[in-house]
Amino acid sequence: MNKVLFITNLLMGIVLSRFAISKLAGWDISVKAFIEMAQPLGIDPTFFRVSTGIVISAVVIGYLVTAVFSLIKNNAITKFKIPFTKWATLTNLFGLLTMVGALIAEFSLRVQPKWLLVYIAIGIVTFSATNIFILNKQQRIKNS
């Protein structure tokens with residue numbers, strides 16, 4: 001099961017890193033999208049874009065750290081007193097909720113949703129939910 005956690009968290013971290021970079025670096029496509037999405041909210045598009053970039057960056061860091069820790073044997077993790085199952089569950093929940101927010105924004109703030117972004121967000125929600133299920137199952141087996 002740790003291989004699944006490694007692959008999915010690594011994949012999600014890599015995919016989302018592109019979106020975090022585009023928002024924080026102010027790529028033209030991201031700037032235009034946030035001008036469109038900030039207008040119905042009446043907020044500054046730059047603030048909206050940068051704060052979204054920071055949140056997605058935190059999700060990326062969480063996914064990548066989870067991927068690395070999923071490769072380490074449990075006794076090595078406990079040596080550093082890092083509760084892997086809790087960390088991984090919270091990271092995947094954070095990513096899942098962030099992507100639900102992205103889906104809500106995509107359908108409520110854009111004139112026309114970008115379907116590739118919708119599919120990516122749905123994929124991340126699905127992988128994160130699967131990872132949470134796997135982690136909870138492992139925890140129940142461990143506690144039995």
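Does Ala105 count as buried or exposed, and at what relative accessibility? At 17% relative accessibility, Ala105 counts as buried, because the cut-off for that label is under 20% relative accessible area. Keep in mind as you read that this structure is a predicted model.

## The chain as a whole

Let's step back and look at the full picture. The chain has six helices and zero strands, so reading from the N terminus you meet the elements α-α-α-α-α-α. Along its principal axes, the C-alpha trace spans about 50 × 25 × 20 Å. Of the 144 residues in the chain, 38% are buried. Take the contacts between residues at least 6 apart in sequence: 72% of them join residues at least 24 apart.

## Helix α1

Helix α1 covers residues 2-25, which makes 24 residues. How far apart should its ends be at 1.5 Å a residue? The expected span is 34 Å, and the end C-alpha atoms are 33 Å apart, which agrees. Even so, α1 has a bend of about 25° at Leu16.

Leu16 is also one of the buried residues of this helix, along with Leu5, Thr8, Asn9, Met12, Gly13, Phe19, Ala20, Ser22 and Lys23. What covers them? The cover includes α2 (28-41), α3 (45-71), α5 (84-108) and α6 (115-143). Just after α1 comes Gly26, and its phi is positive, near 75°.

## Three buried residues

Now let's look at some single residues. Ala67 is found in helix α3, and Ser57 lies in helix α3 as well. Ala105 belongs to helix α5. Here are their relative accessibilities and labels.

| Residue | Relative accessibility | Label |
|---|---|---|
| Ala67 | 1% | buried |
| Ala105 | 17% | buried |
| Ser57 | 18% | buried |

Which residues does each one touch, once neighbours up to four places away in sequence are left out? Ala67 touches Phe6, Asn9 and Leu10. Asn9 is itself among the buried residues of α1. Ser57 is in contact with Ala20 and Leu24, and Ala20 is another of the buried residues of α1. Ala105 touches Met37 and Arg110.

Distance along the chain and distance in space can tell separate stories. Ala105 and Met37 are 68 residues apart along the chain, yet their C-alpha atoms are separated by 7.5 Å. Ala67 and Thr46 are 21 residues apart along the chain, and their C-alpha atoms are separated by 31 Å.

## Where α3 meets α5

Two packed helices are described by the angle between their axes and the distance between the axes. What are these values for α3 and α5? Their axes come within 9 Å and cross at roughly 145°, and the crossing is left-handed.

On the α3 side, the contact is made by Val55, Ile56, Ala58, Val59, Gly62, Tyr63, Val65, Thr66, Phe69 and Ser70. On the α5 side, the residues are Phe84, Trp87, Ala88, Thr91, Asn92, Phe94, Gly95, Leu96 and Thr98. How many of the contact residues are nonpolar, polar or charged? Twelve are nonpolar, seven are polar and none is charged.

Note on methods
Residues are numbered from 1 along each chain as its sequence is written. This is a predicted model: local features need pLDDT of at least 70, side-chain atom pairs count only at pLDDT 80 or more; totals for chains, interfaces and linings use all residues. Side-chain values use heavy atoms; hydrogens and water are left out. Helices (H or I, at least four residues) and strands (E, at least two) are DSSP runs, numbered from the N terminus. The expected span of a helix is 1.5 Å times one less than its number of residues. The bend at a residue is the angle between axes fitted to the seven residues ending there and the seven starting there. Buried means under 20% relative accessible area, exposed over 50%, partly exposed in between (1.4 Å probe, protein chains only). Contact means heavy atoms within 4.5 Å. Axes are lines fitted to C-alpha atoms, for helices over the stretch in contact, and angles run from 0 to 180 degrees between N-to-C directions. A crossing is left-handed if the near helix is turned anticlockwise from the far one by less than a right angle, and right-handed if clockwise. Ala, Val, Leu, Ile, Met, Phe, Trp, Tyr, Cys and Pro count as nonpolar, Asp, Glu, Lys and Arg as charged, and the others, Gly among them, as polar.
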